[in-house]
Amino acid sequence: QVQLVESGGGLVQAGGSLRLSCVVSASISSINAMGWYRQAPGNQRELVASITSGGNTNYADAVKGRFTISRDNAKNTLYLQMNSLKPEDTGVYYCYALKLYPFWGQGTQVTVSS
């Protein structure tokens with residue numbers, strides 16, 4: 001029973017910043033990979049960023065240079081720092097953790113106004 005709880009979403013103007021957090025009810029040191037997906041209305045869920053237990057990161061082309069994924073193993077928390085936000089970043093952001101099986105958070109809404 002791995003629980004993930006996202007927070008930090010909200011309404012922000014274009015050009016602003018938000019930091020999303022995902023608290024995991026397990027030691028994330030033992031989790032092979034973690035990351036963030038997002039889903040906008042009418043679109044499929046897309047991978048935004050991922051990070052492995054070894055610290056390797058990957059980003060979607062649309063967010064490179066603007067978003068940063070990180071983790072704090074001591075706090076069992078995953079973060080997504082989002083800067084220079086654009087209206088097309090609007091959507092529900094979901095945290096995931098891959099152990100033996102994938103686990104998902106409930107999602108947090110990010111809305112970027114023009």
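How many disulfides does the count come to? Just 1, and a few notes on that link and on the aromatic residues follow. Keep in mind that this is a predicted model.

1. The disulfide runs from Cys 22 to Cys 95, with the sulfurs 2.1 Å apart. Cys 22 belongs to strand 3 (residues 18–24) and Cys 95 to strand 9 (residues 91–98), so the link ties together parts that sit 73 residues apart in sequence.

2. On the geometry of that link: the angle about the S-S bond is -80°, making the Cys 22 and Cys 95 connection left-handed. Both ends are tucked away, as Cys 22 is buried and Cys 95 is too.

3. Now the rings. Searching the whole structure turns up 3 aromatic pairs. In one of them, Tyr 96 and Trp 104 have ring centres 5.6 Å apart and planes at 45°, so I'd call this pair tilted, given that tilted covers what falls between under 30 degrees and over 60.

4. The two partners are not equally covered. Tyr 96 is buried, at 11% relative accessible area, whereas Trp 104 is partly exposed, at 39%. Tyr 96 and Trp 104 also belong to one aromatic cluster together with Tyr 37.

5. Have a look at Arg 45 as well. Its charged end sits over the ring of Tyr 94, 3.8 Å from the ring centre. The charged end of Arg 45 also sits over the ring of Trp 104, this time 5.0 Å from the centre. Trp 104 therefore turns up twice in these notes: in the tilted pair with Tyr 96 and under the charged end of Arg 45.

Notes
Residues numbered from 1 in each chain as written. Predicted model: local features only at pLDDT ≥ 70, side-chain atom pairs only at ≥ 80, totals over all residues. Heavy atoms only, no water. Phe/Tyr/Trp six-rings, centres within 6.5 Å; stacked < 30°, edge-to-face > 60°. Buried < 20%, exposed > 50% of the residue type's maximum accessible area, 1.4 Å probe, protein only. Lys NZ or Arg CZ within 6 Å of the ring centre and 35° of its normal. Disulfide = S-S within 2.5 Å. Helix = DSSP H or I, 4+ residues; strand = E, 2+ residues; numbered from the N terminus.
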